[in-house]
Amino acid sequence: MRNPSTVHKFALAAVASTMLLSACVDSDPQSGATPPEEPTASAETVEPSDAAPETQESQPPQPSSTRQPVDAGPLDGAELNEAGVAWFGAFCSGIGELSKFGVPDTEELEVAETADAVGTTYGNFGTGFEAAAEQLTGLDSDMNFENADAFANEAIESIGEVGSVYNTGAETLQSGSYSTEEELLVDVRQIETEAVEAGAGDFGLSSLDESVFDAVNAQVPACANP
């Protein structure tokens, strides 16, 4: 299995803090739950073969991207060409800018204040992703690997769509009326799910060949330190 590349870590890091935003409003996810009672000793020892199978609480399915990845082929030559260096440099720089927006501290906030704080962060991410997509749109995508143009188009579309999800989510939270944190959390989780489905954290990078990753990591300084 391929080790996570630096450029891929950049994309994951860009949305990591937004995926943590649900924790800001989920102050007690286990509230109301009671721990199971300790089993009492029995005079008879039940043999393992007679014991009831253990049951585990099923977890809800985790969201995943609904986008169709582009089959991007290997690098043509020993190094990434000038267009490729510029494109990935802009990608990592633009996505990396989003790391300056941290998760807001909502511990002492009322529900309405929490919604506004999280909404503001979503708005910052939405603006940042859309700006990154716009910058990449203006660059030459004639990179020296198979289906490079298709990969670039898909990545740009994904980044822009994620930005739109966060901007819409910001409006939803800041205009909403929430009585409890649980109500707010429903919308936060929905926004995060939609962002992941739009490609957040990957943006089509998983379709790249290992040789392209290696060239980006070696030649693009902006992608060196996620």
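What is the handedness of the disulfide of Cys92 and Cys223? The torsion about the S-S bond is about 100°, so this disulfide is right-handed. The legends below describe close-up views of a predicted model.

**Figure 1. Overall organisation of the predicted model.** The protein contains seven helices and zero strands. Read from the N terminus, the order of elements is α-α-α-α-α-α-α. Of the 226 residues in the protein, 41% are buried. Among contacts with a separation of 6 or more, 89% are between residues 24 or more positions apart. The accessible surface amounts to about 13,000 Å², and carbon and sulfur atoms contribute 48% of that surface.

**Figure 2. The disulfide between Cys92 and Cys223.** The structure has one disulfide, and the S to S distance between Cys92 and Cys223 is 2.1 Å. The torsion about their S-S bond, about 100°, makes the disulfide right-handed. Distant parts of the chain are linked by this pair: Cys92 belongs to helix H3, whereas Cys223 lies in the segment after helix H7 (210-219), and the two cysteines are 131 residues apart. Are these two cysteines buried or exposed? Both Cys92 and Cys223 are buried. In general, a disulfide is a covalent bond between the sulfur atoms of two cysteines.

**Figure 3. The surroundings of Gly89 in helix H3.** Helix H3 spans residues 82-96 and includes Gly89. The relative accessible area of Gly89 is 13%; because this value is under 20%, the residue counts as buried. When residues up to four places away in sequence are left aside, Gly89 touches Val220 and Ala222. Gly89 and Gln219 are separated by 130 residues in sequence, yet their C-alpha atoms are 9.2 Å apart in space. Helix H3 thus appears in this view through Gly89 and in the preceding one through Cys92.

**Figure 4. Packing of helix H5 against helix H6.** Helix H5 covers residues 148-175 and helix H6 covers residues 181-197; the two pack at an angle of about 170°, and their axes are 9 Å apart. The angle makes H5 roughly antiparallel to H6, because angles over 145 degrees are classed in this way. On the H5 side, the contact involves Val162, Val165, Tyr166, Gly169, Thr172 and Leu173. These residues meet Leu184, Asp187, Val188, Ile191, Glu194 and Ala195 of H6. Classified by residue type, the contact of H5 with H6 comprises eight nonpolar, two polar and two charged residues.

**Figure 5. Asn147 in the loop between helices H4 and H5.** Asn147 is located in the loop between helix H4 (111-137) and H5. Its phi is near 60°, a positive value in a residue other than glycine. Is Asn147 buried, partly exposed or exposed? Asn147 has a relative accessible area of 38% and is therefore partly exposed, because partly exposed residues fall between the cut-offs of 20% and 50%.

**Figure 6. Phe203 in the loop between helices H6 and H7.** Phe203 occupies a position in the loop between H6 and H7. Although Phe203 is not a glycine, the residue has a positive phi of about 55°. With a relative accessible area of 1%, Phe203 is buried. The loop residue of the preceding view, Asn147, is by contrast partly exposed.

Notes
Residues are numbered from 1 along each chain as its sequence is written. This is a predicted model: local features need pLDDT of at least 70, side-chain atom pairs count only at pLDDT 80 or more; totals for chains, interfaces and linings use all residues. Side-chain values use heavy atoms; hydrogens and water are left out. Axes are lines fitted to C-alpha atoms, for helices over the stretch in contact, and angles run from 0 to 180 degrees between N-to-C directions. Helices (H or I, at least four residues) and strands (E, at least two) are DSSP runs, numbered from the N terminus. Angles under 35 degrees count as roughly parallel, over 145 as roughly antiparallel, 65 to 115 as roughly perpendicular and the rest as oblique. Contact means heavy atoms within 4.5 Å. Ala, Val, Leu, Ile, Met, Phe, Trp, Tyr, Cys and Pro count as nonpolar, Asp, Glu, Lys and Arg as charged, and the others, Gly among them, as polar. Buried means under 20% relative accessible area, exposed over 50%, partly exposed in between (1.4 Å probe, protein chains only). A disulfide is a pair of cysteine sulfur atoms within 2.5 Å. Accessible areas come from the Shrake-Rupley method with a 1.4 Å probe; for residues, only the protein chains shown count as cover.
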